Amino acid sequence: MSFEKFGLDPRLLKAVNELGYERPTPIQDAAIPSVMAGNDIMGSAQTGTGKTAAFGLPILQRLLDEHHKKHSVRALVLSPTRELAAQIEESLRSYACHTRQRVLAVFGGVSIVPQREKLRTGVDILVATPGRLLDHLDHHTVTLNDVEVFVLDEADRMLDMGFLPDIRRVLHYLPTKRQTMLFSATIPPEIASLARGMLKDPIEVQVGVRSSAAVGITHAIYPCAAHLKPEILPAIMKELGTRQVLIFTRTKRRADRVGKLLSKAVIRNAVLHGDRTQKQRIAALEGFKRGQFEVLVATDIAARGLDVENISHVINFDVPGTPEDYVHRIGRTARAERRGDAFTIVSPEEEMSMRAIERHLGQVLPRVALRDFNYEAPPPERQTGLQRASVNTTGPARTSFTSRRPKLRRKR
């Protein structure tokens, strides 16, 4: 069935056709009628299944049905990352290209002045990260009195990773009478309970198994000693001959080190993490999309905001901290019902975390050994304590790829 069955405005249908959308995805099929009916929504589906169109098209339809002479913010979408905010803005603008609806994304890392100017000229749909939105609210450069629809995208990360105080502040600026939607790939029970306090009689829309990996992904585990990770990664890349590869690390420093490692192996790459300037982050993403870089090395910041159509492989250089993070990382491949591969390099110290991920997925993932790779190679001589230290995900990044158990005794 085509999008015509939803009764969308011909201008929206024209945009959808030009984008090559032939039929609604399951989340769109399930959510769009309820959103258009004005219901509050809690939507859950695997990443890459089209959640932005699931809320974006009905919002635009609503704004077109109710004509306003002035351009005031009537729909607000909150996003956890700059990259995701920019991508939502791009998608909504493409849906609205044949209308007069104005869409703007505001986020940190760039000058606030151009954003103020655009807000002053009028905006219908505002996409924002919480911090930058609060900056504008504090400086009275935007008002939310006319908001009819409020969307929390990637709701689990927004509510579970420290954004809750900012979201509560934003809620004070919103009209009580509004439509509220939460969309995310994963909505754990404790987050769902918290979210229900923000919604009024929500319709729960769930496509697939909650918190499960996307269909079409082939998983594989590459076990090796921690000190061999820098050697096995280029070997995996060489054997697979992969292009458009996304590699995840746990820390910013390790992302930089993996980037340098790949450069030494003459593999074109870019690095994306929170310490990069917005200009550097945009250059990395655009270069990766254009094929200028074969590999993008990233921290989990990219797991929630990266939408590149043809990523062939996701490689976890480090095992992610939670099963949900694994789901989000590997969801960058096999998007829009395509196929893709997800490989994880696992040291003995990470086996327990990997088993937790397998229990979450409900399957034991296959272990793979590389041909002609020396798994018995000893660690480098004269290793220092820092070179042997494990990745510390809560404190400062360590200086090497190798790992050991942390000491229990505190430093004086």
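What share of the contacts in the protein with a separation of 6 or more comes from residues 24 or more positions apart? The answer is 74%.

## The protein as a whole

This report describes a predicted model. The protein contains 15 helices and 13 strands. Of its 412 residues, 55% are buried. Its accessible surface is about 19500 Å², and carbon and sulfur atoms contribute 50% of that area.

## Helix H12

Helix H12 covers residues 278–290, 13 residues in total. The distance from its first C-alpha to its last is 18 Å, close to the 18 Å expected at 1.5 Å a residue. Immediately after H12, glycine 291 has a positive phi of about 90°.

The buried residues of H12 are Gln278, Arg281, Ala284, Leu285, Gly287 and Phe288. These buried residues pack against one helix, H4 (82–95), and against the strands E9 (245–248), E10 (269–272) and E11 (295–298).

## Strand E11 and its partners

In a regular strand, side chains alternate between the two faces of the sheet. In E11, Val295 and Val297 lie on one side, while Leu296 and Ala298 lie on the other. All four are buried, and both faces of E11 are therefore covered.

Strand E11 pairs with E9 in the parallel sense over 4 bridges; here phenylalanine 248 has alanine 298 of E11 as its bridge partner. Strand E10 also pairs with E11 in the parallel sense, over 4 bridges, and alanine 270 stands opposite leucine 296 in E11.

## The connection through the helix

Together, E10, H12 and E11 form a right-handed β-α-β unit. The helix of this unit, H12, has buried residues that pack against both of the unit's strands, E10 and E11.

Note on methods. Residues are numbered from 1 along each chain as its sequence is written. This is a predicted model: local features need pLDDT of at least 70, side-chain atom pairs count only at pLDDT 80 or more; totals for chains, interfaces and linings use all residues. Side-chain values use heavy atoms; hydrogens and water are left out. Helices (H or I, at least four residues) and strands (E, at least two) are DSSP runs, numbered from the N terminus. Buried means under 20% relative accessible area, exposed over 50%, partly exposed in between (1.4 Å probe, protein chains only). Contact means heavy atoms within 4.5 Å. Accessible areas come from the Shrake-Rupley method with a 1.4 Å probe; for residues, only the protein chains shown count as cover. The expected span of a helix is 1.5 Å times one less than its number of residues. Two strands pair if DSSP finds at least two bridges between them. A crossover is right-handed if, with the strands pointing away from the viewer, the path from the first strand over the helix to the second runs clockwise.
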